[in-house]
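Visitor: I would like to learn how to read a fold, starting from the whole chain and ending at a single residue. Please take me through one case.

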Amino acid sequence: MAPSSTTSPRRVAMLAALLPALLLPSAALADPTPRPHALHGEVSILARGVTHERITLGDPGARYDWTLQVTLPSGEEGVADSPVSSAAIAAEATDRLRGAGLDARSEEVGADELEDAGGPLGERVRVGSYATEAEASRARGAVIEAGYPASVWYEGWDGDAPAPEEGGGLVAVNVLTVDPARFRGEVDATFGADLERTETCAVSISTASIGSPG
């Protein structure tokens, strides 16, 4: 329904995607001077009545290590192995890896507490801390030899990394704003083909005004 002439254009945020600092090019910063908790915004017009704003939050000076993320057995028939399992399975894997001379640790994993969801999800096991991805890759073979699959992981990707206001690294917030008084089209969101594995979320816009901003 179109708004009346007395109604101000509404701004509807359709997408907010959080990405680690690794995925942000340095050119995305409007001011190259490191400033903790800085806010940088870049606005572009995608179509008539549709704008995209990219906001960068956090401390450009924050640094995270690379580590090895262990794939743990689920312990249940028909359930795929994953990086998060029960405390008992994580403890067994940690002991076994330490017995092989590796610097293994178990960590609790939880989701934000909501009204009807959230809380502890299980435990993960990680091995070592490395300054570069190459160093972590070279150490991966030792974990595999100890009997566990492992992947190279950047700790800045963790959802439980420190928040920007707590001195955490860069976070990109992408906001798609639609003005219903001007936009003539459809907006559809999709989570992709798989909810279990990490992937990029996309928003598609169908309108004849694409390519004719104004």
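Guide: We go from the overall make-up to a sheet, then a strand, then one side chain. Keep in mind that this is a predicted model.

Visitor: How many helices and strands are there in the protein, and in what order do the elements run?

Guide: Begin with the list of elements. The protein has two helices and ten strands. Read from the N terminus, the order is β-β-β-β-α-β-β-α-β-β-β-β.

Visitor: What share of the residues is buried?

Guide: Buried here means under 20% relative accessible area. Of the 214 residues in the protein, 30% are buried. The accessible surface comes to about 13300 Å², and carbon and sulfur atoms hold 53% of that. Sequence separation is another thing to read: among contacts with a separation of 6 or more, 64% link residues 24 or more positions apart.

Visitor: What is the strand order in the open sheet of four strands?

Guide: For a sheet, read the order across it and the sense of pairing. This open sheet runs β5-β6-β4-β7, and the pairing is antiparallel. Strands β5 (104-111) and β7 (150-154) each have a single partner strand, so one side of each lacks a neighbour in the sheet. From one strand to the next, the twist averages 40°.

Visitor: How many bridges join β4 to β7?

Guide: Five bridges join β4 (residues 66-70) to β7, and the two run antiparallel. One pair to look up is Thr-67 with its bridge partner Trp-153 in β7. Helix α2 (residues 133-145) lies across β4, β6 (119-130) and β7, at about 30° to β4.

Visitor: Which residues of β8 are buried on each side?

Guide: For a strand, check both faces in turn. On one side of β8, Val-171, Val-173, Val-175 and Thr-177 are buried; on the other, Ala-172, Asn-174, Leu-176 and Val-178 are buried. Eight of the eight residues of β8 (residues 171-178) are buried, so the strand is largely enclosed by the rest of the structure. Its antiparallel pairing with β3 (residues 50-57) extends over eight bridges. Within it, Arg-54 stands opposite Asn-174.

Visitor: Is Asp-158 buried or exposed?

Guide: Compare its relative accessibility with the 20% cut-off. Asp-158 has 13%, so it counts as buried. Asp-158 lies in the loop between β7 and β8.

Visitor: Which residues does Asp-158 touch?

Guide: Leaving out residues up to four places away in sequence, Asp-158 touches Arg-124, Arg-126 and Trp-153. The side chains of Asp-158 and Arg-126 form a polar contact of 2.8 Å. The Asp-158 side chain also makes a polar contact with the side chain of Trp-153, at 2.8 Å.

Notes
Residues are numbered from 1 along each chain as its sequence is written. This is a predicted model: local features need pLDDT of at least 70, side-chain atom pairs count only at pLDDT 80 or more; totals for chains, interfaces and linings use all residues. Side-chain values use heavy atoms; hydrogens and water are left out. Buried means under 20% relative accessible area, exposed over 50%, partly exposed in between (1.4 Å probe, protein chains only). Contact means heavy atoms within 4.5 Å. Accessible areas come from the Shrake-Rupley method with a 1.4 Å probe; for residues, only the protein chains shown count as cover. Two strands pair if DSSP finds at least two bridges between them. Axes are lines fitted to C-alpha atoms, for helices over the stretch in contact, and angles run from 0 to 180 degrees between N-to-C directions. A polar contact is a pair of N or O atoms within 3.5 Å; within protein, one must be able to donate a hydrogen and the other to accept it, and residues adjacent in sequence count only if both atoms are side-chain atoms.
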